[in-house]
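Welcome! Take a moment to look over the model below, then work through the exercises at your own pace.

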Amino acid sequence: MTKSNNQVWFITGSQHLYGLETLKQVEQNSLTIAKALDASGAISASIIFKEVLTTPDAITKLLLEANNDKNCIGLIAWMHTFSPAKMWINGLKMLQKPLLDFHTQFGRDIPWNSIDMDFMNLNQTAHGGREFGFICSRMRIERKVVVGHWQEKNVHTQIDTWARAAAAWHDAQGGKIARFGDNMRDVAVTEGDKVAAQMHLGFSVYGFGVGDLVTKYINNIAENEAEALVKVYAEEYSIANLSAIKSTLLTEAKTELGIKAFLEEGNFKGFTTTFEDLHGLAQLPGLAAQRLMAEGYGFAAEGDWKTAALLRMTKIMDKGLKGGSSFMEDYTYHLDPQNKKVLGAHMLEICPTIAAEKPKLEVHPLGIGGKANPARLVFDVASGKAVNAALMDMGNRFRLLVNKVNVVESELMPKLPVARAIWQPKPDFETAVTAWIYAGGAHHTAFSKAVNEAHFADLATIAGIEFLLIDEHTNLHQFRNEIRWNELYYHTSKGFFA
Ligand code: MN
């Protein structure tokens, strides 16, 4: 796994009580652990040991440095020894970066024959970590707690999951999403409070007239640039009759290059379109949206800026992992009592990173929008585990809802010219869909075969937003109560715990 520029700072809590020799050993052991995590092929971020913290001033100084460092995406804090936690209050109060509370110990086993009081004093994370846990909980600081020996594979996996969520969070802070046109008229779930989204999730949303995109960007793309991109299409995709659809592909190539130029110039990380506002465009961008998603841009249709931002975060989390992630929509059901399934697709815009095979590039009419026939990549999605994640604005909070699903073999659908995935939701069709509806889950999702529910759970923890999971353990009675109890929690927590 290639390391990104993202740095996770590793800090160790201790105190002066133990004397210089012990503190030197604490520092040495911390360095060893941080280096091992940094070298781990299972952890995507760089892990950098900073220092052993023994005073309130040193703690505050370091945590403020973390806030201001542009490469630091979060901190791992380990209490090698006891570190009286009143020392941490001032620093933690000001910390704005994600925190992982690492409850590990240097030696895996108790050396039964040689253990003495010195050994116990050096290796007392069992109660030092509890003191740190108390102050974090006392201050209502949301963080990820990872328990286990630092050489365990499962520990590395948990740290990486959190580091990926922290990277997505880091990317979203100050991130920009461009909307071409507004919301699809009268749709409720794709609406929401953009000010609240910027406060809680970090990204801001900018609206643009689609005509500006057309006249200033798409119309300025040179013919030879479009020709070159169509050659790339012909290499990457199966095209049955290139000459017959060449003119459509040239239009689509100009659209792709124009949108890309617009996004790059404005430093946008994602975008939305809407078929109700295509002024000046020959057709709804299909292939262009698909390919830009594959490059890592967030995207959602019908002006759905929340899902575009969520897909961008998903694509930051899935970097280097097998699978891929896409904009998705629960489209239609197969209700055979023995074999209930969901067909997920969209009118055009599904990301080819989830394709099972080389996509087919085709041009067909589109019933909605009343424009020229758009090009799109058509493919199936390979069977296996996946998740659907949706982000809703519930008025007093954002809700991140995740359902674990199992993608199954696709059927032949010769008359359906769009990319599609067929899945069975967990724990079963009725429970999953009932829970999704009770939770107010959107029809648009970020679908991923690369990341799992734990990545989204960590992301929600970092953002401080609600997280609901529908998985193999979901019980409808408990799930409905969780929603009711969350109403109270999110209504009161800020007032009660301040
Ligand atoms: Mn849609």
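Contact here means heavy atoms within 4.5 Å. Helices (H or I, at least four residues) and strands (E, at least two) are DSSP runs, numbered from the N terminus. This is a predicted model, in which local features need pLDDT of at least 70 and side-chain atom pairs count only at pLDDT 80 or more, while totals for chains, interfaces and linings use all residues. Residues are numbered from 1 along each chain as its sequence is written, and side-chain values use heavy atoms, with hydrogens and water left out.

**Exercise 1. Find the strand order of the open sheet of four strands, then place helix 10 on it.**

Step 1. The order is 7-6-8-9, with parallel pairing; two strands pair if DSSP finds at least two bridges between them.

Step 2. Look at the edges: strand 7 (204-208) and strand 9 (298-300) each have a single partner strand, so one side of each is left without a neighbour in the sheet.

Step 3. On average, neighbouring strands of this sheet are turned by 20 degrees against each other, direction ignored.

Step 4. Strand 6 (residues 176-180) is joined to strand 8 (residues 270-272) by three bridges, and I177 faces G270 in strand 8 as its opposite residue.

Step 5. Helix 10 (residues 242-266) lies across strand 6, strand 7 and strand 8, and runs at about 140 degrees to strand 6. For such angles, axes are lines fitted to C-alpha atoms, for helices over the stretch in contact, and angles run from 0 to 180 degrees between N-to-C directions.

**Exercise 2. Trace the open sheet of five strands and the chain's path from strand 1 to strand 2.**

Step 1. This sheet has the order 2-1-3-4-5, and its pairing is parallel.

Step 2. Strand 2 (46-53) and strand 5 (144-147) are the edge strands; each has a single partner strand, so one side of each lacks a neighbour in the sheet.

Step 3. Six bridges connect strand 1 and strand 2, with G13 opposite L53 in strand 2.

Step 4. Between these two strands the chain passes through helix 1, and the β-α-β crossover is right-handed (with the strands pointing away from the viewer, the path from the first strand over the helix to the second runs clockwise).

Step 5. At the other end of the order, strand 4 (residues 99-103) pairs with strand 5 over four bridges, and L100 has K144 as its bridge partner.

**Exercise 3. Which residues coordinate the manganese ion, and are H346 and H444 buried or exposed?**

Step 1. The ion is coordinated by E302 (OE), E329 (OE), H346 (NE2) and H444 (NE2), at 2.1 to 2.2 Å. Donors are N, O and S atoms within 2.8 Å of the metal (3.2 Å for Na, K and Ca); water is not among the atoms, so sites may look incomplete.

Step 2. Along the chain, the donors follow the spacing E-x26-E-x16-H-x97-H. H346 sits in the loop between strand 11 (341-345) and strand 12 (360-363), and H444 in strand 17 (residues 444-448), 98 residues apart.

Step 3. H346 is buried, with a relative accessible area of 2%, and H444 is buried too, at 0%. Buried means under 20% relative accessible area, exposed over 50%, partly exposed in between (1.4 Å probe, protein chains only).
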